[in-house]
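Here is a short tour of the model in front of you. We start with the fold as a whole and then move on to finer details.

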Amino acid sequence: MYQVLQPFPLHTKFIDLLLSEYEDILVIEETTAVIEMQLADRYRVKGKLNRVVPRVGELLPEKIQQYVANFAGVETKINSLPSVPGRRPTLCAGCLHRASFFAIKKAVRYSRDNGPAVVIARHPCIIDSARRGELIKRADVNVNEDCDGCGFCLQNFECPAMVMDQEVEQMCIDPFVCTSCGVCLNICPRGAIIEKI
Ligand code: SF4
Ligand code: SF4
């Protein structure tokens, strides 16, 4: 087994060595098949491009164990790690994609009962705006006493800066994690997330 530390560009000597020394090569890599694409021998190289490794989904240790065993033609006993309690993986605090996903999920929920729904973006892509040197509006946010701790924001918006204060049963914002992106300002059904004055 070999861990490739520099996926691109692969050293040509490394490619020559692999192809001259090994009859079959299994490439396991997350996301795009960058390494596999540089190993041009389609019959000997197995991975995402010929679907020996699935193109979607996370490459969890137990999955990798199974792919390696299949490749080697041996039986293996998979011992999945117990799941760790806590939040599921989510976008970083301040990621503006969160607002888009929230709007799309809302539209999907609406359309299940009411027919077609439309999402209209009020602003162009924020990255494009930043490239053009336009100022990106930021807002310090706070949670007021209208919060009843329903958890809607935590379950549906999932910003890591949002924390449930169990003592007062209200959501609060962790100032060390919050980036003041301000995109959560319109999501609380009770209007409890407000801009700090
Ligand atoms: S901020 Fe709003 S959505 Fe979040 S827990 Fe409080 S009331 Fe519910
Ligand atoms: S402003 Fe709201 S969405 Fe943005 S990082 Fe802070 S809590 Fe999260």
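## Secondary structure

Helices here are DSSP runs of H or I with at least four residues, and strands are runs of E with at least two, numbered from the N terminus. With that in hand, the protein chain of this predicted model has six helices and six strands. Their order along the sequence is α-β-α-β-α-α-α-β-α-β-β-β.

## Overall shape

How does the radius of gyration of the protein chain stand against that of a compact globule of 197 residues? The chain has 24 Å, while such a globule would have a value near 16 Å. Along the principal axes, the C-alpha atoms fill a box of roughly 70 × 45 × 40 Å. Buried residues make up 12% of the 197 in the chain.

The domain assignment gives two stretches, domain 1 (12-72) and domain 2 (137-197). Between the C-alpha centres of domain 1 and domain 2 there are 44 Å. Among contacts with a separation of 6 or more in the protein chain, 51% join residues 24 or more positions apart.

## A look at Glu-21

Glu-21 belongs to helix H1, which covers residues 12-21. Is this residue buried or exposed? Glu-21 counts as exposed because 8 C-beta neighbours lie inside 10 Å, and the cut-off for exposed is 12 or fewer. From Glu-21 to Val-168 the C-alpha to C-alpha distance is 65 Å, with their positions 147 residues apart in sequence.

## The S4–S5 hairpin

Strand S4 (residues 162-165) pairs with S5 in the antiparallel sense, over four bridges. Across this pairing, Met-162 stands opposite Ile-173 in S5. The two strands form a hairpin with four residues between them, and Glu-169 in the turn has a positive phi of about 55 degrees.

Strand S5 itself spans residues 170-173, and its side chains alternate. Met-171 and Ile-173 point to one face and are buried. Gln-170 and Cys-172 point to the other face and are not buried.

## Two ligand surroundings

Which residues come closest to ligand 1? They are Cys-147, Cys-150, Phe-152, Cys-153 and Cys-188, out of 14 that surround this ligand. By type, the shell around ligand 1 holds ten nonpolar, two polar and two charged residues.

Ligand 2 also has 14 residues around it, and the nearest are Cys-159, Ala-161, Cys-178, Cys-181 and Cys-184. The shell of ligand 2 divides into ten nonpolar and four polar residues, with no charged ones.

Note on methods. Residues numbered from 1 in each chain as written. Chains lettered and ligands numbered in written order. Predicted model: local features only at pLDDT ≥ 70, side-chain atom pairs only at ≥ 80, totals over all residues. Near = placed C-beta within 6 Å. Nonpolar A, V, L, I, M, F, W, Y, C, P; charged D, E, K, R; others polar. Rg over C-alpha atoms; globule rule 2.2 N^0.38 Å. Buried ≥ 20, exposed ≤ 12 C-beta atoms within 10 Å, placed from the backbone. Contact = placed C-beta atoms within 7 Å. Domains from an automatic or database assignment. Pairing = 2+ DSSP bridges.
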